[in-house]
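Visitor: I'm new to this one, so please walk me through it.
Guide: Happy to. Have a look first, then ask away.

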Amino acid sequence: MAAIAPIIEIRNGTKMFGSFTALADINLSINQGEILTLLGPSGCGKTTLMRLIAGFENLTSGTIQIGGVDIANIPPERRPVNMVFQRYALFPHLDVFENVAFGLKVKGMPKEERTERVNRMLHIVQLESFANRYIDQLSGGQCQRVALARALVNGPKVLLLDEPLAALDLKIRQHMLAEMKRIHIETGATFVYVTHDQDEALILSDRVVLMEKGRVVQVDRPTEMYAKPKSLFAAKFLGETNIFETTITAVNGIGTTARTSSGIQFHSSETLTKKPSEKIAVSIRPESLTFQHKNPDAQSAECVVDDIVFMGSRSFYTVRLNDQSKVRVQVQRDGRLSVPSPGDKATIFWDASNVVMLPRD
Amino acid sequence: MLLRILVWAVLAFLISPLIVIVLFSFHSSPALSFPFAGFSLRWYAELFNNAQLGSAVMKSLTVAFLTSVVTLLIGTTASLAWLRLGKVGRGFIEAVSVTPIALPGLFVGVSLLVLFAQAGLQLSTLTIVISHVVIALPILIVAMKARLALFDPSLEEASRDLGASQFQTFRRVTLPLIAPTLISSAILAFAVSFDEFVVTSFVAGTETTLPMYIWSMMRRTVTPLINAISTLALLFSILILLGAWLISHVRRRSAVAARIES
Ligand SMILES: Nc1ncnc2c1ncn2[C@@H]1O[C@H](COP(=O)(O)OP(=O)(O)OP(=O)(O)O)[C@@H](O)[C@H]1O
Ligand SMILES: [Mg+2]
């Protein structure tokens with residue numbers, strides 16, 4: 001995904017609805033050919049950002065460029081982007097073929113070429129045999145593929161997808177995610193994908209844009225964002241994590257040390273710009289905790305096992321520390337290792353590399 | 001069980017007058033009461049030989065047709081505005097359009113009469129049509145509103161997004177989708193106009209519509225002709241409704257058939 005110039009460039013984008021700020025000072029570059037997901041809780045402005053790019057809303061201040069051109073005065077029908085709507089917005093008075101052909105028809109493409117392109121697109125989304133069905137005769141997954149085909153057949157530079165899988169059940173969703181990746185490779189278009197499902201974001205994207213209350217909180221590759229969240233919000237929103245309220249006790253060349261009020265000590269190899277006695281939050285993922293003392297440098301805490309949830313290849317333990325706070329531990333199944341049972345006393349261990357120290361909100 | 005009997009009783013109450021009228025329109029004697037003496041088409045024959053009645057029917061059809069065309073034009077424009085308005089705008093249209101429905105016909109008739117007099121407008125077919133539009137439009141808007149609420153505005157956005165201009169979007173998306181609503185609304189306007197009596201009697205001048213003709217006929221004697229006229233009117237209404245249903249039904253099928261053939 002080596003990008004030369006960004007296909008979309010948003011600078012200082014602010015959008016107000018009356019006195020309400022839906023988007024505040026957004027700066028974002030979207031690279032040619034990537035899958036970028038906008039991730040964030042409901043109401044954080046994801047749809048609004050899409051609608052700005054598609055041309056259904058105008059920025060209150062700031063600029064949006066597509067392919068180096070400021071699009072402020074270009075109406076939606078002349079922008080090189082196509083959108084897959086949150087509820088599909090398929091035309092109920094047209095059948096599948098006519099829905100997909102709509103864009104080409106209004107642009108005046110000759111009938112022969114149009115029919116060929118539509119049929120090729122229907123083949124890609126595997127809906128050839130449904131060409132003459134009306135929309136109300138389709139399942140949710142089929143509607144979703146029609147919506148995708150209807151947008152992609154126009155060969156957009158950028159495809160905007162607003163929670164395209166939200167209405168589908170888990171099984172079809174996983175199938176459609178794979179489809180989406182395949183279609184992305186096949187068409188080479190840039191995908192901007194909205195979701196508030198973190199799994200979707202992690203599976204699909206080259207980069208994730210995490211949003212909160214109209215602001216961009218962090219833009220990163222999924223693995224980076226998961227391993228190195230830059231805020232407490234990011235740590236909590238993406239994946240599951242344990243948060244400890246601590247006070248810094250030492251900052252020096254070998255890292256930072258912090259301690260909870262009950263005396264549990266955390267050491268991170270990162271040297272923060274904070275000073276001792278400042279408050280800081282520590283985040284450790286459940287899968288970074290273990291009951292095995294494998295690493296001589298490991299840090300540890302005493303605990304009592306409360307509850308175990310078995311989930312096939314892994315189990316989730318809820319343990320209680322001395323200060324009664326609850327911590328989740330994920331254990332990968334391994335017949336050779338002995339694991340504690342509910343009520344047992346145990347010790348949890350973790351490595352310095354898995355300690356993430358974050359400013360408190 | 002009791003509920004079921006009640007339902008049938010209500011239905012019988014609603015339908016029995018219709019059955020009696022249809023039955024007696026074929027009665028071979030002028031008597032309007034049982035026992036039934038036998039079937040004949042004499043009242044229908046008499047109807048078709050009555051020139052005055054014929055011209056009243058033509059007048060009513062003309063007025064109803066003009067009313068539904070004008071109402072439809074205004075109604076379409078209003079419904080397009082409605083789709084684009086916010087809560088406040090919709091509330092305003094609703095308030096303005098519902099009020100006239102609640103006004104007594106007597107009051108509307110007198111007001112219109114005064115208005116036409118002040119405007120120096122001769123009472124004629126034109127004034128009847130204007131009055132009928134005034135009466136039908138609010139009913140039409142109320143009827144349309146419920147169905148337009150189901151219109152999904154994101155369909156228009158999808159159309160623009162796919163490259164259609166504002167006009168293309170209207171022609172290819174908005175209009176086809178609201179057409180059934182418009183057609184059924186036009187039929188409603190036609191029906192309202194066709195049997196309007198109270199207001200018409202104020203603003204008709206020397207013109208005579210069908211309801212006015214029936215009224216004047218009844219004042220002289222109650223003749224079995226009334227039954228025949230009513231039966232024809234009933235048949236006419238059923239045909240219109242059937243037609244409207246067929247139009248919306250057939251369009252879809254023919255669209256598919258046309259493409260499969262080509
Ligand atoms: N036309 C509008 N007028 C006023 N406020 C609006 C309008 N559109 C959106 N908003 C507000 O802007 C905020 C962001 O809305 P947006 O639809 O972008 O959220 P979202 O991130 O897509 O949420 P979701 O995940 O629920 O779809 C919300 O608080 C919403 O109420
Ligand atoms: Mg949304």
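Visitor: How many residue pairs are in polar contact across the interface of chain B and chain A?
Guide: The rule finds six such pairs, each with both residues at pLDDT 80 or more. That cut-off comes up here because this is a predicted model.

Visitor: Which elements of chain B give two or more residues to the side that touches chain A?
Guide: Those are α7 (154-161), α8 (166-194) and α11 (225-261) of chain B. The most comes from α7(B), with seven residues. Counting contacts, 23 residues of chain B meet 31 residues of chain A.

Visitor: What makes A:Arg51 and B:Glu157 a salt bridge?
Guide: Their closest N and O atoms are 2.8 Å apart. The cut-off for a salt bridge is 4 Å, so the pair qualifies. The count between chain B and chain A is two salt bridges.

Visitor: How much area do chain B and chain A bury between them?
Guide: About 2,300 Å², and 56% of it is on carbon and sulfur atoms. The size of an interface is often given this way, as the accessible area lost when the parts come together.

Visitor: Let's go inside chain A. Why is strand β8 of chain A described as largely enclosed by the rest of the structure?
Guide: Because six of the six residues of β8(A), residues 190-195, are buried. A:Thr190, A:Val192 and A:Val194 point one way, while A:Phe191, A:Tyr193 and A:Thr195 point the other way. In a regular strand the side chains alternate between the two faces of the sheet.

Visitor: Which strands pair with β8(A), and in what sense?
Guide: Strand β3 (residues 35-39) of chain A pairs with β8(A) in the parallel sense over five bridges. Within that pairing, A:Leu36 stands opposite A:Val192. Strand β7 (residues 158-162) of chain A also pairs with β8(A) in the parallel sense, over five bridges. There, A:Val158 has A:Thr190 as its bridge partner. Add helix α5 (residues 170-187), and β7(A), α5 and β8(A) make a right-handed β-α-β unit.

Visitor: Why is A:Thr195 called buried?
Guide: A:Thr195 has a relative accessible area of 3%. Buried means under 20%, so the label fits. Among the residues A:Thr195 touches are A:Leu38, A:Gly40, A:Lys46 and A:Glu163.

Visitor: What makes the link between the side chains of A:Thr195 and A:Glu200 a polar contact?
Guide: The distance is 3.3 Å. The limit for such a pair is 3.5 Å, so this one falls within it. A polar atom of the A:Thr195 side chain also lies 2.8 Å from the backbone nitrogen of A:Asp197.

Visitor: Is A:Val216 partly exposed or buried?
Guide: Partly exposed: its relative accessible area is 27%. Buried would need under 20% and exposed over 50%, so A:Val216 sits in between. A:Val216 is found in strand β10 (residues 215-220) of chain A. Beyond its neighbours within four places in sequence, A:Val216 is in contact with A:Ile26, A:Val209, A:Leu210 and A:Met211.

Visitor: And how do you know that B:Phe194 counts as buried?
Guide: B:Phe194 has 14% relative accessibility. The cut-off is under 20%, so B:Phe194 counts as buried. B:Phe194 lies in helix α8 of chain B, and its contacts include B:Ser60, B:Leu61 and B:Phe236. B:Phe194 and B:Phe65 are 129 residues apart in sequence and 8.8 Å apart in space, C-alpha to C-alpha.

Definitions and conventions
Residues are numbered from 1 along each chain as its sequence is written. Chains are lettered from A and ligands numbered from 1 in the order in which they are written. This is a predicted model: local features need pLDDT of at least 70, side-chain atom pairs count only at pLDDT 80 or more; totals for chains, interfaces and linings use all residues. Side-chain values use heavy atoms; hydrogens and water are left out. Buried means under 20% relative accessible area, exposed over 50%, partly exposed in between (1.4 Å probe, protein chains only). Helices (H or I, at least four residues) and strands (E, at least two) are DSSP runs, numbered from the N terminus. Two strands pair if DSSP finds at least two bridges between them. A crossover is right-handed if, with the strands pointing away from the viewer, the path from the first strand over the helix to the second runs clockwise. Contact means heavy atoms within 4.5 Å. Buried area is the accessible area (1.4 Å probe) that two parts lose on being put together, summed over both. A salt bridge is a side-chain nitrogen of Lys or Arg within 4 Å of a carboxyl oxygen of Asp or Glu. A polar contact is a pair of N or O atoms within 3.5 Å; within protein, one must be able to donate a hydrogen and the other to accept it, and residues adjacent in sequence count only if both atoms are side-chain atoms.
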